[in-house]
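Welcome, and please open your viewer. We will walk from one selection to the next and look at what is there.

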Amino acid sequence: MNIYSYTDPTYSKPNINFDDKWPVQFIEGFSKFYNNYHHNKVIIVEDPQSATYIPIRIFHVKQFRFGQILHAPVSNAEELNAVNQVEFLNKLIAFIKSKKIIHRLIQPHPFGIMLGVPNNAASCEFGTYITPLSGNDDETLLSLYDVKYKKAVQHSIKNGGRIEFGRKVFDDFYKMYTATTERAKIHRDSIEYFNELYATLGENHIETGVVYDEDRPIGAIFMIYTKYSALCTHAGSGGESKLYGGMKHLHYDMMKHLRDKGVKNYDLVGVRLNSSNESLQGVFRFKKGFGGVLKEGYLWKTDISPLPMKLYDLLVSIRQGKNVQKDIIDQETN
């Protein structure tokens with residue numbers, strides 16, 4: 001196997017051109033974002049026998065080294081099937097262990113869902129709803145929606161819901177996003193985070209959308225994309241409005257807008273499968289209503305070097321006690 005990187009001079013730059021036919025996680029701007037904002041490096045590992053590639057984020061906590069897979073393995077701009085993924089991942093783990101690159105592979109980013117689980121890895125079921133855009137006209141896209149969602153879109157259109165796209169509406173997006181994170185008491189990415197995304201990915205790989213009731217913003221979404229797929233990474237809503245269905249209208253218009261840019265798929269980025277948490281089931285039902293195809297797969301993690309990781313886990317448990325943060329895998333399996 002070979003290692004490439006856009007930002008780490010230890011390695012050569014990738015040996016092929018990862019253009020817009022590939023997932024956004026493979027392009028140079030994505031690596032530069034992680035390097036500039038998070039101070040992490042992204043490597044791309046190649047299996048030359050199968051011409052398969054996978055992007056991995058590398059980061060350190062003190063002397064401990066971690067990796068996070070950012071997308072499932074891809075060959076010729078197509079994701080491998082489940083059987084080939086398992087074969088590739090087992091080979092990848094053996095390679096990483098031999099090179100002593102990291103101590104642990106943590107669970108992938110939610111947009112890095114995989115179809116297979118390598119040997120001896122901890123895992124949980126995970127999925128995402130993906131709507132095919134290419135080849136679907138406006139009427140077909142709307143026909144995919146749940147009946148109630150379809151009526152909501154039609155209500156918003158009929159009653160003056162207005163959709164705007166572009167960086168010019170970013171401030172309104174951020175207001176909606178901030179309001180949502182404050183209500184939900186969850187982490188909020190800073191304005192600097194988004195500014196760095198714009199600087200490294202460029203506006204040809206980012207789309208911001210806001211729905212307005214007259215002049216009042218009531219909902220917003222933020223997308224990163226290549227022609228391979230668009231990922232809905234951030235969203236928000238808020239403000240008093242009688243405009244029923246605004247967010248559903250916004251997603252519908254965003255689908256049409258990105259389809260016209262040549263994007264093949266629209267990914268709502270992650271749902272828990274068979275979760276006992278009712279609020280998470282609510283997220284599942286919400287995303288299901290947009291009519292996408294449910295991609296079922298897994299999140300998984302594994303220790304490459306178990307001994308250092310036992311020490312790391314002990315130190316974390318001593319420092320954080322009962323406040324140790326659990327990842328999705330631990331939440332779903334414990």
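The tour below visits a helix, some salt bridges and a second helix.

Before the first stop, a word on the model: it is predicted, so to speak of local features a pLDDT of at least 70 is needed, side-chain atom pairs count only at pLDDT 80 or more, and totals for chains, interfaces and linings use all residues. Residues are numbered from 1 along each chain as its sequence is written, and side-chain values use heavy atoms, with hydrogens and water left out.

**Stop 1: helix α9**

Select residues 306-320, which make up helix α9. Helices here are DSSP runs of H or I with at least four residues, strands are runs of E with at least two, and both are numbered from the N terminus. The 15 residues of α9 reach 21 Å from the first C-alpha to the last, close to the 21 Å expected at 1.5 Å a residue. That expected span is 1.5 Å times one less than the number of residues.

Which residues of α9 are buried? They are Met309, Tyr312 and Val316. Viewed down the axis of α9, these buried residues fall within an arc of 60 degrees, so they line one face of the helix. The arc is taken from the directions that run from the helix axis to the C-beta atoms. Buried means under 20% relative accessible area, exposed means over 50%, and partly exposed is in between (1.4 Å probe, protein chains only).

Now add β3 (52-61), β4 (64-69), β7 (104-106) and β15 (293-303) to your selection: the buried residues of α9 pack against these strands. Contact here means heavy atoms within 4.5 Å.

Turn to the face of α9 that points away from its buried side, and you will find the exposed residues Leu307, Lys310 and Ile318. Next, select Leu311, Leu314, Leu315 and Ile318, a nonpolar surface patch with about 390 Å² of accessible area together. Patches join residues with over 30% relative accessible area and no salt bridge, like charges within 9 Å and nonpolar side chains (Val, Leu, Ile, Met, Phe, Trp, Tyr) within 5 Å. Accessible areas come from the Shrake-Rupley method with a 1.4 Å probe, and for residues only the protein chains shown count as cover. Within the patch, Leu314 counts as partly exposed, at 47% relative accessibility.

Step just past the helix to Gly321, whose phi is positive, near 60 degrees.

**Stop 2: salt bridges**

How many salt bridges does the structure hold? There are 18, each a side-chain nitrogen of Lys or Arg within 4 Å of a carboxyl oxygen of Asp or Glu.

Select Asp303 and Arg104, a salt-bridged pair whose closest N and O atoms are 2.5 Å apart. Asp303 is in strand β15 and Arg104 in strand β7, so the pair ties together parts that are 199 residues apart in sequence. Arg104 is buried, at 14% relative accessible area, whereas Asp303 is partly exposed at 33%.

Move on to Arg162, Glu164, Lys168 and Asp215, which are linked in a network of salt bridges. Arg162 meets Glu164 at 3.0 Å, N to O. Arg162 also bridges to Asp215, with the closest N and O atoms 3.5 Å apart. Asp215 is exposed, at 66% relative accessibility.

**Stop 3: Asp172**

Finally, pick Asp172 in helix α5 (residues 170-184). Asp172 counts as buried, at 18% relative accessibility. Leaving aside residues up to four places away in sequence, Asp172 touches Val210, Tyr212 and Pro217.
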